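User: Please take a close look at one part of this structure, the pocket and the strands and helices that go with it. I would like one connected account rather than a list.

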Amino acid sequence: MPFTREQLDPLYDTFYYKEFLEPNFSLSYQYLSGKLKQLPVFVELTYNYEFHKLYDLALLPGISPEDEALVFSLLSSAHILHHIRYSIFEQEFKPLIKSNDQAALDRALGVMNKLSVADEEILQWHFKKWNYSKEDILTGSWPVVNFLHACILKMPDDKLDELMYLPHWGSFDSQVFYFLYRNRREKANEYIDNRISNEERINWSIMATLLDLDNDQYVPKCLELIDNCRDRKDMLWAFFSYLQFNDFVKEKNIKELLIRSEEYFEHCINDISQHCLHFSSRVYDMGLHNGVFMPLHAWAVYFTLMNDEAKGKEMLERLLAKRVALKEDVLVMLQHVLGLDAIPYVLAAVFQKDDDKNDERTRVEYIFNELADYKGRYEMNVLWQFDKYENKETLENVIKFLVKEDSLVIERAVKAISHKNKVIRLTAVRILMALDAPEAITVLKSALEKEKDDAVRDLMWQICAWETVAPVTEAMVSTMVESANKRGKLKKAVIPGLDETTLPALYFQGGRKLTGEEVRFILYRMTRANGMNIDAEIKPVLQLIDRVRAADFAKAVFKVFEDKRFKEKDRFLLLLAAFFGNDDMVSKFCVAINKWITRNRRAMCVYGIEALAIQGSNKALRWIEWYARKYRTKKEYLSEAANKALADASQTLGLTTHEMGDRIVPDFGFERLFKHFTVNGEAYRAFIDSKFKLAYFDDDNRSLKSMPAGTDKKLAAEFKTIAKEVRDVVKAQSSRLEHYLVVERKWTFEEWKPFFLNNPIMFIYATKLLWGVYDKGGQLVSCFICQEDTTLINKEGNEIEVPEQYNIGIVHPVLLSAEDLHAWRRQFFDLSIEPVFPQLERPAYKVAEKDRAKRVVQNFGDVPTLTGYIKNTLAEYGWQIGEPGHDNELCEFLKLDHTNSFEVTLEVDGGYVNSYDKETKLEKLYFVDKTVEPYGRDNPLTDQDEYLVQLGKVPIVFYSEVVASIKAIKMVGSKDDSQKK
């Protein structure tokens, strides 16, 4: 009898591409359910492979032969069969790989036969899908292996030849060889000979397979292959192959090994850069835990050292003369073979540089660990030859090493301060800086004025400026300028082509105008700034300058910076503009930052944020806060820089970042909600209306369309500035308050009242949102809205008073009952309240009562979408891409709640981190409590995994926002997507 809906629907519901499988989808359903008596004619479609899922019908318990035949007739039909055969093969044979169930194998073979799959195809598919070990093939007796052996034995030569040379197996497949070796020895030898003859060099996997299988039989064959390389003068590959060969042979020919080692070394020494191939022996591992992985020339040295130490050392000296870096594993080998005699080579290696950065890091670490162990067995003064180090990063390590290990470090550093070589002087200063030695201050003070190199001098200042200079006065600036002149630092303009005297004047706080030479001195010292940090020598000088009168100077230097196309090397001009600039500079910085963002100038974007922080006004801090939220996911580097700037400013002010965000919202000098002014003796009030526009009332409370005629020009300009500033503030505050909704920020009533009821901008927000009253435990007690007369009313329209001990927050709709939510929506409609962002209409999702004990959400499982849809949507909701998988596969997205206590993971499958158009499926969703050990366990799979959080214990708002963000992803097959296709 036909299949029922209860049998068919669960399978058909798993089809991803129903829309793109028509008409086959509907026809197959009708056929299996009995509505169509004859097998329909299916069409060729890309997604026909999904029909392999219907094979599960043939596995139903107690299925009749007639129903089974019905399933196979559909699966075997034209345009379906070639799509589904391999999938069914995988499903049937995977459980049988090492199973002793002969009956199950017979059944699987019967299924393949019904799908017209020949034994030869099953054999090929096995080789394509699974790898069998040598032991599995040569000694295994599982039914599947026996079946594969039988296939090989009965396969005609022409079919066997096809199997042996399938192109997707590459140059050599050991399991093919082992099957042939056991069953068709002549074909195995033919397979080897063919592979060897088609390759210019010996294939190591072939040689390893042969020697591992039958050492005695194949040794002559392998030596012949190696000597073929030798005869062609391919000495690198000949020696490499011989070492591999030597690792497998039972009887070692030491004499031959030495001959080949010396022969290779002489060949490679004159062009060592072309001989960088590495080798790791499983025999000559020197008794070390992980063995060594050395270049071939080092192995030649090793074998020579072991049998002729003098000749081996001669080889080492020749390598050093060629400036060949001794790698970490080579040094390990030398220490093992030579013991204390390896010290000179370790000391020589410290001055070298390995071009591989990863290897160099561990190499240098190893060298200094060895030198610490050898302390007292070499002259420490050798390491003070700072001008001989090839790697600057090694200097960082030698400084730390000498500070810790050299008992004469201060004496030697003081002496090196007067050395004629700049690098030695600079490194000596850095050592003294690391030591912070009081006895070195006198030496540095005397050397400071003599030092002409800025890099060395800057470091000296960092160490002893506080001792060298008393509080700077105007009179002392001239002395500093004269000293710089003597050192030849002020001979020419700091900025080529710029006459400093053409810049707007700078004035000391005492009123004196700075000379052109003094301005040049400031510019010169500012070029020594490290990043956006003001140079230590000039910082006390800048503190003497009148910053209010310096605003025009700031604009001028920023214009120079702009004319020079914002080159990173000229960023000291940005630093000067930030230090002296007023609020007008803030707008210029923001325009520049936006340009740098579009041009992907990451470093300049960060410098721009730091410039805003240096300027430091409330307006600058508001923009920093806006950049922090705007780019928290799309350009994380920018958001991180902004958050750091905010954190630093908050720490200085003794506030949280949220509290600082409230404090920097301007009130424009309003008295509570109004700014009172007079025009021609008449009284007026300015205020901000519900559209966030400036509006005006006369003394009779009549609304004016614009500011009164005859308004003083200065006041009119002030109102225009306020109007522009309001637009900027609103741009930041709307998204900021929505963020506060999501993170459930609370204010005490004493904090909330002055901020929202007395600030002219924030009051408008207060009238457009639904507010909640929360008890000390964070539970919602009641709700209210704020009217234009500042009264607070509940949903019944009654005025309320908020108890002082309660907190106020923006209400998330998921916290409201259905009745309350409907009532408040109705009241917002009746009062024509226009929300500033989605609040009451916001999607709200709660955990169903029956699911509260679950730990994994499966609702999203196997939902197809495009990678770009997922990335773009989740990024807007604050998700991050998790750890990528193999080949940069996209595996998961992560999101933290605002307390950083709960983390949610959304697993995905099928996409790539750097791809936007590949089809990707949503999979499991689960939550983790990061405060509970052991945090970090991988791949939670079930609702029984106690490492995961029960859904009922996840914060309600966080859960709702998580589900809403996933629901917002556009799925493949949606209306929008089909139109796009």
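Analyst: What follows begins with the pocket, goes on to the sheets, and ends with a few separate places along the chain. The model is a predicted one, and the description should be read with that in mind.

The largest pocket has a volume of about 1500 Å³, and its lining is made up of 42 residues, among which R629, R632, H739, Y877 and G878 lie nearest the centre. Two or more lining residues are given by each of helix 33 (618-630), helix 34 (636-653), helix 35 (657-663), helix 36 (713-743), helix 40 (867-876), strand 15 (889-896) and helix 41 (956-967). Of the contributions to this lining, the largest share is that of helix 36, with six residues. By residue class, the lining of the largest pocket holds 15 nonpolar, 12 polar and 15 charged residues.

Helix 36 also leads to a sheet, since helix 36 lies across strand 3, strand 4 and strand 5, and it runs at about 150 degrees to strand 3. The sheet concerned is an open one of four strands, in the order 3-4-5-6, with antiparallel pairing. Strand 3 (675-679) and strand 6 (703-704) each have a single partner strand and stand at the edges, so one side of each is left without a neighbour in the sheet. Within the sheet, five bridges pair strand 4 (residues 682-688) with strand 5 (residues 694-698) in the antiparallel sense, and F687 has A695 of strand 5 as its bridge partner.

Strand 15, another contributor to the pocket lining, belongs to a run of antiparallel pairings. Strand 15 pairs with strand 16 over seven bridges in the antiparallel sense, and L890 has G911 of strand 16 as its bridge partner. These two strands, strand 15 and strand 16, make a hairpin with five residues between them, and in the turn N900 has a positive phi of about 60 degrees. On to strand 17 (residues 919-929), strand 16 is again joined by seven bridges, and the two run antiparallel; here F902 stands opposite D929 of strand 17. Strand 16 (residues 902-912) is itself mostly covered, eight of its 11 residues being buried.

A further open sheet is formed by five strands in the order 7-11-8-9-10, again with antiparallel pairing. Its edge strands are strand 7 (746-748) and strand 10, each of which pairs on one side only. Strand 8 (residues 771-774) and strand 9 (residues 780-786) run antiparallel and are joined by four bridges, with Y774 having L780 of strand 9 as its bridge partner. Between strand 8 and strand 9, which form a hairpin, there are five residues, and G778 in the turn has a positive phi of about 85 degrees. Strand 9 then pairs with strand 10 (residues 792-793) over two bridges in the antiparallel sense, and I785 stands opposite I793 of strand 10. The hairpin of strand 9 and strand 10 also has five residues between the strands, and T790 takes a positive phi near 75 degrees there. Helix 37 (residues 749-757) lies across strand 7, strand 8, strand 9, strand 10 and strand 11 (807-810), and runs at about 100 degrees to strand 7.

Some places elsewhere in the chain complete the account. In helix 6 (residues 119-129), the buried residues are I122, L123, W125, H126 and F127, and what covers them includes helix 4 (81-93), helix 5 (102-114), helix 8 (143-154), helix 9 (157-164) and helix 10 (174-183). In the loop between helix 4 and helix 5 lies D101, which is partly exposed, with a relative accessible area of 40%. The C-alpha atoms of D101 and F763 are separated by 77 Å, and these two residues are 662 residues apart along the chain.

E50, by contrast with D101, counts as buried, because its relative accessibility is 1%, whereas D101 is partly exposed. The place of E50 is in the loop between helix 2 (24-32) and helix 3 (65-75). Neighbours within four places in sequence left aside, E50 is in contact with T14, F15, Y16, Y17 and L21.

Methods: Residues numbered from 1 in each chain as written. Predicted model: local features only at pLDDT ≥ 70, side-chain atom pairs only at ≥ 80, totals over all residues. Heavy atoms only, no water. 1 Å grid on protein atoms, 1.4 Å probe; cavity = no way out; pocket = protein on both sides within 12 Å on 5 of 7 lines; lining within 4 Å. Points joined across faces, edges and corners; volume = space filled by probe spheres on them. Nonpolar A, V, L, I, M, F, W, Y, C, P; charged D, E, K, R; others polar. Pairing = 2+ DSSP bridges. Contact = heavy atoms within 4.5 Å. Axes fitted to C-alpha atoms, helices over the stretch in contact; angles between N-to-C directions. Buried < 20%, exposed > 50% of the residue type's maximum accessible area, 1.4 Å probe, protein only.
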